[in-house]
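Student: Could you show me a structure and walk me through the words people use for it? I'd like to know what stands behind each one.

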Amino acid sequence: MTTTTPELTSVTPARTRLPSWSPWAFAAGSLVLAFLVLLVLSSPTPAGVVLLGAVVYAVALTVTSRVVEGERRANDRLATTLVTFAFALALVPLVSLLWTVITEGAARFGPSFLNTNMVGVFGEMTEGGVYHAIMGTLYITLAAAAISVPIGILTAIYLVEYGRGHLARGVTFLVDVMTGIPSIVAGLFAFTLFTLVFGPAYRAGIMGAAALAVLMTPVVIRSVEEMLRLVPNELREAAYALGVPKWLTIIKVVLRTAIAGIVTGVMLAVARVIGETAPLLLTVGIVADVNWDLFDGRMATLPVYAYRQYSQGGIGVERAWAAALTLILIVMLLNIVARLVSRYFSPKASR
Amino acid sequence: MSKRIDVSDLNVYYSDFLAVADVSMTIEERSVTALIGPSGCGKSTFLRTLNRMHEVIPGARVEGKAVMDGQDLYASDVDPVEVRRQVGMVFQRPNPFPTMSIAENVLAGVKLNNRRISKGDASDLVESSLQGANLWTEVKDRLDRPGSSLSGGQQQRLCIARAIAVKPDVLLMDEPCSALDPISTLAIEDLMAELKSEYTIVIVTHNMQQAARVSDRTAFFNIAGTGKPGRLIEMDETSTMFSSPNVQATEDYISGRFG
């Protein structure tokens with residue numbers, strides 16, 4: 001070891017490195033340069049400055065690094081730059097969307113908006129809110145989850161623990177097909193089903209729940225299946241070796257070990273369907289007041305509410321934005337709850 | 001508490017593939033039986049047939065007899081779950097349940113079967129099992145910590161405690177020390193020496209010295225070539241096997257002249 005160390009340093013002599021603040025300095029310099037260039041050529045816009053600045057930054061930093069630090073570090077800096085840009089680019093639509101919804105929604109959003117419904121609100125009246133739509137959305141989504149989560153989890157258990165041969169392959173194929181069903185088709189399916197069974201004039205929240213369940217089930221199956229496959233086979237064998245029957249092993253070991261992932265998967269499926277508009281527009285429509293009966297009459301939901309208000313124009317546009325904000329907040333709350341649940345249930349860290 | 005197993009003409013299949021052929025042996029009670037042989041010769045497969053763990057693999061099946069205490073383990077009216085309650089198993093890699101604490105892991109055989117147990121009995125069972133596995137003094141102050149917080153050797157002893165907590169008659173060990181350091185290995189070998197006064201122990205090992213140290217009888221398995229079934233070549237007292245085996249292949253394997 002003592003003989004190779006000096007040799008190594010002589011092969012790759014220690015090269016000077018750029019100071020740690022240099023990327024920031026380069027970024028500032030690039031932006032200024034881009035601004036000046038655009039000022040000379042035409043009138044600078046923020047987007048133009050950032051775009052040109054990014055190109056100048058990538059080229060300048062890589063070239064400088066290659067001269068000062070050598071090729072390997074230059075490649076490293078170029079890769080870091082590209083990855084960071086890609087990340088920033090992916091954030092642009094997300095941040096822009098959140099920003100738009102928050103600024104536009106803030107105009108009407110507030111406790112009274114959340115607490116009132118649309119009974120007796122006409123024309124350009126500024127009263128009115130989404131209480132009935134929040135309740136409808138929660139009600140219908142909960143009913144959809146109550147239908148699809150048991151079916152989804154049981155199907156996933158069948159596929160992972162029992163399924164062999166043609167039947168399992170057939171089920172997997174059908175699940176894949178179901179994943180691609182357009183939401184309007186699910187809505188038409190529920191509409192047709194309930195019309196055939198209950199007659200043409202039937203309208204109820206359960207129709208929307210059935211349509212959403214059709215969309216939700218394959219997502220639940222897929223994510224739960226993935227989670228169950230992640231449970232090491234050793235744990236199943238450990239339980240079998242203790243004389244635990246298969247069904248108890250599945251309930252108490254497999255599901256228990258995977259519960260955090262299952263909760264996350266179910267929440268993702270809920271988030272997937274809670275904003276669906278088309279099937280709900282088709283099946284449950286909209287009303288002005290809260291409907292507490294899932295099996296009778298139309299129900300208001302946030303996406304349909306936002307759609308209707310927006311198409312009315314005027315003050316309705318503000319209400320639509322506020323309803324969109326409410327929907328995003330509900331999804332966020334659900335995600336936080338899911339995080340807490342999965343943290344509480346996940347296997348304790350080994351260290 | 002311990003029972004002997006008489007195996008006769010046992011053939012073990014994975015679907016159509018005959019993995020182990022024509023094994024007949026007697027596993028004596030209150031003793032340690034070691035199974036040695038090259039990788040892929042069917043030692044572990046054979047071991048897993050002794051508590052019907054073999055058949056959890058799709059397509060796996062067994063022909064022949066394995067008689068424990070006058071009862072054929074493969075008779076049609078025998079419930080494999082019942083067999084596994086009497087024949088416990090410790091695996092190659094320690095596999096404590098990650099969602100359970102140390103104490104819950106020991107009680108897993110009881111709790112997972114929905115059997116009720118009073119608080120006092122439970123803590124007695126935890127203590128006696130952990131003491132039986134030589135782990136009690138190391139973990140008695142942190143019984144509610146997760147089982148995965150222990151070191152590898154401790155986890156393996158936890159798995160042994162979990163296996164003996166259901167009070168089996170026979171304990172099968174599938175290379176229990178192959179993932180452990182020499183000190184943990186020694187702890188487990190000492191443990192086997194103690195446990196054999198109460199249990200029948202069968203151990204698969206690749207470590208010849210270990211087989212010589214811990215076992216009373218040794219069985220040598222070999223395989224004629226890839227795709228051929230593994231066979232029991234010879235079985236005898238360990239001292240005889242390691243000093244003057246009857247078959248040349250055994251001597252070659254034990255002395256390191258093979259391949």
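Tutor: Sure, let's start with one pair: α2(A) passes α3(A) in a right-handed crossing. This is a predicted model, where local features need pLDDT of at least 70, side-chain atom pairs count only at pLDDT 80 or more, and totals for chains, interfaces and linings use all residues. Residues are numbered from 1 along each chain as its sequence is written, while chains are lettered from A and ligands numbered from 1 in the order in which they are written.

Student: What makes a crossing right-handed?

Tutor: The near helix is turned clockwise from the far one by less than a right angle; anticlockwise would be left-handed. The crossing of α2(A) and α3(A) is right-handed, so it is the clockwise case.

Student: Why are α2(A) and α3(A) called oblique to each other?

Tutor: Helix α2 (residues 22–41) of chain A and helix α3 (residues 46–69) of chain A pack at an angle of about 130°, with axes 8 Å apart. The axes are lines fitted to C-alpha atoms over the stretch in contact, with angles from 0 to 180 degrees between N-to-C directions. Under 35 degrees is roughly parallel, over 145 roughly antiparallel, 65 to 115 roughly perpendicular, and the rest oblique. The angle of about 130° falls in that rest, so α2(A) and α3(A) are oblique.

Student: Which residues in α2(A) and α3(A) meet?

Tutor: Among them are A:Phe26, A:Leu31 and A:Phe35 in α2(A), and A:Val49, A:Leu52 and A:Tyr57 in α3(A). Contact here needs C-beta atoms, placed from the backbone, within 7 Å.

Student: How do the residues of that contact divide into nonpolar, polar and charged?

Tutor: There are 15 nonpolar, three polar and no charged. Ala, Val, Leu, Ile, Met, Phe, Trp, Tyr, Cys and Pro count as nonpolar, Asp, Glu, Lys and Arg as charged, and the others, Gly among them, as polar.

Student: How many residues does each chain give to the contact between chains A and B?

Tutor: Chain A gives 21 residues and chain B gives 25. On the side of chain A that touches chain B, α10(A) gives the most, with seven residues. That side has 11 nonpolar, three polar and seven charged residues.

Student: What are the domains of chain A?

Tutor: The domain assignment, automatic or from a database, gives domain 1 (12–106) and domain 2 (131–345). Their centres, taken over C-alpha atoms, are separated by 42 Å. Four residues of domain 1 of chain A are in contact with five residues of domain 2 of chain A.

Definitions and conventions:
Contact = placed C-beta atoms within 7 Å. Helix = DSSP H or I, 4+ residues; strand = E, 2+ residues; numbered from the N terminus.
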